[in-house]
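Let's take a walk through a protein model together. Keep the 3D view open and turn it as you read.

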Amino acid sequence: MELGIGIGWRPEIAAEVEALSGIDWVEAVAENLCADHLPDSLVRLRERGVTVVPHGVALGLGGADRPDPDRLAGLAARAELLGAPLVSEHIAFVRAGGPLTASPRLEAGHLLPVPRTRDALDVLCENVRIAQDSLPVPLALENIAALITWPDEELTEGQFLAELVERTGVRLLIDVANLHTNHVNLGQDPAKALDELPVEAIAYVHVAGGVEKNGVWHDTHAHPVSEPVLEVLAELRSRVDPPGVLLERDDAFPPGAELAGELDAIRATLRKAAPSAGQGPDRAAGRGAAPAADATAGVETPTVAAAPAPAPVGIRDRTAVAQTALLSALVAGTPAPEGFDHRRLRVQSRALAAKRADVVAKVAPELPEILGDGYRAAFLAYAGSRPLSGGYRRDALDFAEHVLITGGPADPVARRRLTSWWQDRSGARPPRRTTRLVRAARAVLVGK
């Protein structure tokens, strides 16, 4: 299926996305959508014939555990609600610990790289096939950006992706910004990765912005798309005509005119990089080996061999131990596992805590309002000793409780406001509307 040119739909820019011209499709974060009804903006876009693809971020298919059935059911429900031709997720792990290691469950709050080893590939392939069997439409998996790399890797990124596709028939979502990130941070050549991966399996492409700080590229999705990222897009287009290309933006949203300008730059890059007549076969048109058509979903899917055998006994346990040790070092301050770059682990740890602070501020905007300039420092201090384990809303409550227990905030008015906020949300039963109004009025009077 040809998706065309698209943009990531986010509630903050819903109106701008609707107003953009030449948009063929949008992608929405699956976990931000209800399973039984859609935001009005997406309803209007679908009525105009705009395709909507759900993009998952929480399955953790690269993790040691088998995929959670409830998460898979939720992703399937959103695909059906949207009438989506496919769904996408990431090649990453997002949590560790639990029964396989007899240790507390830890959440990363972010996408972390899996080791490019045979063991990790066996686990990933089995998890992918479980997901494919649970979803009503084809699945595409995205390569992620990384600040760290695992020791003793056995495969390059391109080789890892190629074998994953060969063994599962999964589609690929290639993020050219992530290829650039891994080039800066890990010294991995984007052109080599593109040469090694099966371009015929590409379902669509992500393009996003980032920023370089102290020699490290941060894939922020909050900055304009840079020229080096467009150069990687051009490298990809010289090899294949991707069925879809999508601009991602997750924060620091610019005006609609700036988004339109970035989309124009993407279109121009694709035009300029397309092989001209007489330059040999355009793998963009042929896309390598002829795929078999999936008439039900409208998406071409490569012919797949028999389902791979389950991961050998012991591999999940070994994977669980390794991932738990790494995640614990990143979010709980335990010693770094052997072979990792300690400096890069510190960078990754700070990045995870900073993202966690940002998400909690969005989930509970009252907290930075109450704590003011002290919010971020207080949250980072809290996060250093309290790993994420129960989701961001629980994290916000636990953070507020931590601040109060440790005697903060120093300002008595802010302390009363934080106490009321915590009580309103942590009680066994939510306060009645009258109680909330009384507390709000009391807070206003106290503040005068």
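What follows looks at two helices, then at the cysteines and one loop residue.

A few ground rules: this is a predicted model, where local features need pLDDT of at least 70, side-chain atom pairs count only at pLDDT 80 or more, and totals for chains, interfaces and linings use all residues. Residues are numbered from 1 along each chain as its sequence is written, and side-chain values use heavy atoms, leaving out hydrogens and water.

Start with helix α4, residues 118–134. Helices here (H or I, at least four residues) and strands (E, at least two) are DSSP runs, numbered from the N terminus. The expected span of a helix is 1.5 Å times one less than its number of residues. For the 17 residues of α4 that gives 24 Å, and its end C-alpha atoms are 25 Å apart, which agrees.

How much of α4 is buried? Twelve of its 17 residues are, so α4 is largely enclosed by the rest of the structure. Buried means under 20% relative accessible area, exposed over 50%, and partly exposed in between (1.4 Å probe, protein chains only). Among the buried residues of α4 are L121, L124 and V128. They pack against α3 (69–82), β7 (139–142), α5 (157–168) and α11 (315–331).

C125 sits in α4 too, and it is buried at 0% relative accessible area. C34, on the other hand, is partly exposed at 39%. A disulfide is a covalent bond between the sulfur atoms of two cysteines. Counting one as a pair of cysteine sulfur atoms within 2.5 Å, the structure holds zero disulfides.

Now find the loop between β7 and α5, where D152 lies. D152 is exposed, with 70% relative accessibility. Its C-alpha atom is 10.0 Å from that of F340, although the two are 188 residues apart along the chain.

Next comes α15, residues 392–405. Its buried residues include L397, F399 and V403, and what covers the buried residues includes α12, α13 (366–371), α14 (375–383) and α16 (412–426). Just after α15, G407 takes a positive phi of about 90°.

How do α12 (residues 342–363) and α15 cross? Their axes come within 9 Å and cross at roughly 90°; these axes are lines fitted to C-alpha atoms over the stretch in contact, with angles from 0 to 180 degrees between N-to-C directions. The two helices are therefore roughly perpendicular (65 to 115 degrees). Contact means heavy atoms within 4.5 Å, and here R356, V359, V360 and V363 of α12 meet Y392, R393, D395 and A396 of α15.

Definitions and conventions:
Angles under 35 degrees count as roughly parallel, over 145 as roughly antiparallel, 65 to 115 as roughly perpendicular and the rest as oblique.
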